[in-house]
Amino acid sequence: MAPFSWLYGLVLHLRHTLYDDHLLPSHSVSVPTVCVGNLAVGGTGKTPHTEWLVRHLGKHYKLAVLSRGYGRRTHGFILADHNSTARTIGDEPMQIHRKFPDVPVAVCADRVKGVKQLQRMVPDLQLVILDDALQHRSIKCGFNILLTAQNNLYIDDRLLPYGTLRDIKHRSHAAHAVIVTKCPEIFKPIDKRVIDNRLHLATFQQLYFSKMVYETALESTQKPLVVSGIANPEEFFEHVKKTCPKAELLAFGDHHRFTRHDINGIEKAAAKFDLVLTTEKDYERLQLTTLPERLGAKLQVVPIHVKIDETHVLEKQLTTYIDEALRNSGKSAKPNYSKA
């Protein structure tokens, strides 16, 4: 696969050169924007970190979330409402919309068009969080957050199809903050320093570390079946196995569309287990099937959130950027909005 990886890299370098030399247009928008992205194809925890931003920044600003809506069967700009499903806006935006119903959540492949449409529909909008937009050079994002998994740092990875990188490593220089995600519960300061030294971040870049927190209440005597269609389900599965050694994993591809055959197979397999566990993102797609009705209370969703070290430092870095951007645009900052 290495030759194909090199060819892919040449195409990416050419594309970025065209943007850097202003031969391809990159547009600015008049509202502050915070982008959550990565260089890999998935598995770094973009959605939980986006939710962290909504939860923390929603206390101070009128914000909206804009995503591409990967896996949806619709096109164009769509603002989530009570009729939305994973089929119409994608599983990740639907998860965010369900957890934050008062926050505008929209999907649009054209991020510039999407932001401008949100500004028209939400007149008092002060901030747009762009979910997975680091590769979208057509929009100039004000603050970029790069996520990289602790067990697969982008500096150790290769471009597709030889590795899992979908963009060149040099794009890490666009980040204002880098978060090393999925760190173990006990992560020593020396381990953090080793990663810090290896990443060689620029002086303007701030490094953070985060860990996944699974909200489970399991008993060691239980025998669960873990059903998951996310990029890297192994971490979720290993967390369950720590408490329930008899747990088994039934894995599907990322953003998998469950078919009738899949549902029949899951129901048949579930008969041998005490319960069936799945992630929030998977549940958004499973709700489009008959499985929740078939399994009832036996099907349980495991919520996930992130815990970021030095949360106050990251919040300060973000609010400093947002407040300055609002002042420069002539808008007031922090108007006592209720919590998101």
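Me: What makes strand S11 (residues 275-279) count as mostly covered?

Reply: In this predicted model, 5 of the 5 residues of S11 are buried. To earn that word, a residue has to fall under 20% relative accessible area.

Me: How do you know which faces of S11 are covered?

Reply: Look at the two sides in turn. Leu 275, Leu 277 and Thr 279 are on one side, Val 276 and Thr 278 are on the other, and all of these are buried. That is why both faces of S11 are called covered: the residues on either side come in under the 20% cut-off. In a regular strand, side chains alternate between the two faces of the sheet.

Me: What makes S9 and S11 partners, and in which sense do they run?

Reply: Pairing takes at least two bridges. Strand S9 (residues 224-228) and S11 are joined by 3 bridges and run parallel, so they pass that test. Val 226 stands opposite Leu 277 in S11. With strand S12 (residues 299-302), S11 has 4 bridges, again in the parallel sense, and there Thr 278 faces Val 301.

Me: Why are S10 and S12 said to stand at the edges?

Reply: The order in this open sheet of 4 strands is S10-S9-S11-S12, with parallel pairing. Strand S10 (248-251) and S12 each have a single partner strand, so one side of each has no neighbour in the sheet. From one strand to the next, the twist averages 30°. The partner of S10 is S9: 4 bridges join the two, which run parallel, and Ser 228 sits opposite Ala 251.

Me: Which strands does helix H7 lie across, and at what angle does H7 run to S9?

Reply: Helix H7 (residues 234-243) lies across S9, S10, S11 and S12, at about 170° to S9. Angles here run from 0 to 180 degrees between N-to-C directions, so about 170° puts H7 close to the opposite direction from S9. Helix H8 (residues 260-270) packs on the sheet too, touching S9, S10 and S11, and its direction makes about 165° with that of S9.

Me: What makes the pairing in the sheet of 9 strands mixed, and where does S13 come in?

Reply: That open sheet runs S3-S4-S2-S5-S1-S6-S7-S8-S13, and its pairing is mixed. Strand S3 (78-79) and strand S13 (304-308) are the edge strands, each pairing on one side only. One antiparallel pair is S8 (residues 206-214) with S13, over 5 bridges. Within that pair, Tyr 214 stands opposite Ile 304. Helix H4 (residues 91-99) packs on this sheet, touching strand S2 (63-67), strand S4 (105-107), strand S5 (127-131) and S13, and its direction makes about 165° with that of S4.

Me: Why is Ile 96 given the label it has, buried or exposed?

Reply: Ile 96 is found in helix H4. Its relative accessible area is 1%, and the limit for buried is under 20%, so Ile 96 is buried. Leaving out residues up to four places away in sequence, Ile 96 touches Thr 47, Thr 50, Glu 51, Val 65 and Val 105. Ile 96 and Pro 48 are 48 residues apart in sequence, yet 9.0 Å apart in space, C-alpha to C-alpha.

Me: And Tyr 70: what label fits its relative accessible area?

Reply: Tyr 70 lies in the loop between S2 and S3. A value of 45% is neither under 20% nor over 50%, so Tyr 70 is called partly exposed. Beyond its neighbours within four places in sequence, Tyr 70 is in contact with Gly 90, Asp 91 and His 255.

Me: How do you know which kind of residue prevails in the lining of the largest cavity?

Reply: The lining consists of Val 36, His 49, Trp 52, Leu 53, Ile 145, Ile 179, Ile 308 and Leu 314. These divide into 7 nonpolar, 1 polar and no charged. Helix H2 (residues 46-57) gives the largest share, 3 residues. The cavity's volume is about 40 Å³.

Me: Which residues lie nearest the centre of the largest pocket, and how does its lining divide?

Reply: Gly 43, Lys 46, Thr 47, Glu 92 and Lys 281 lie nearest the centre, out of 37 lining residues. The lining splits into 12 nonpolar, 13 polar and 12 charged, around a space of about 720 Å³. The second largest pocket holds about 600 Å³; H7 gives the most to its lining, with 5 residues.

Definitions and conventions: Residues numbered from 1 in each chain as written. Predicted model: local features only at pLDDT ≥ 70, side-chain atom pairs only at ≥ 80, totals over all residues. Heavy atoms only, no water. Contact = heavy atoms within 4.5 Å. 1 Å grid on protein atoms, 1.4 Å probe; cavity = no way out; pocket = protein on both sides within 12 Å on 5 of 7 lines; lining within 4 Å. Points joined across faces, edges and corners; volume = space filled by probe spheres on them. Nonpolar A, V, L, I, M, F, W, Y, C, P; charged D, E, K, R; others polar. Buried < 20%, exposed > 50% of the residue type's maximum accessible area, 1.4 Å probe, protein only.
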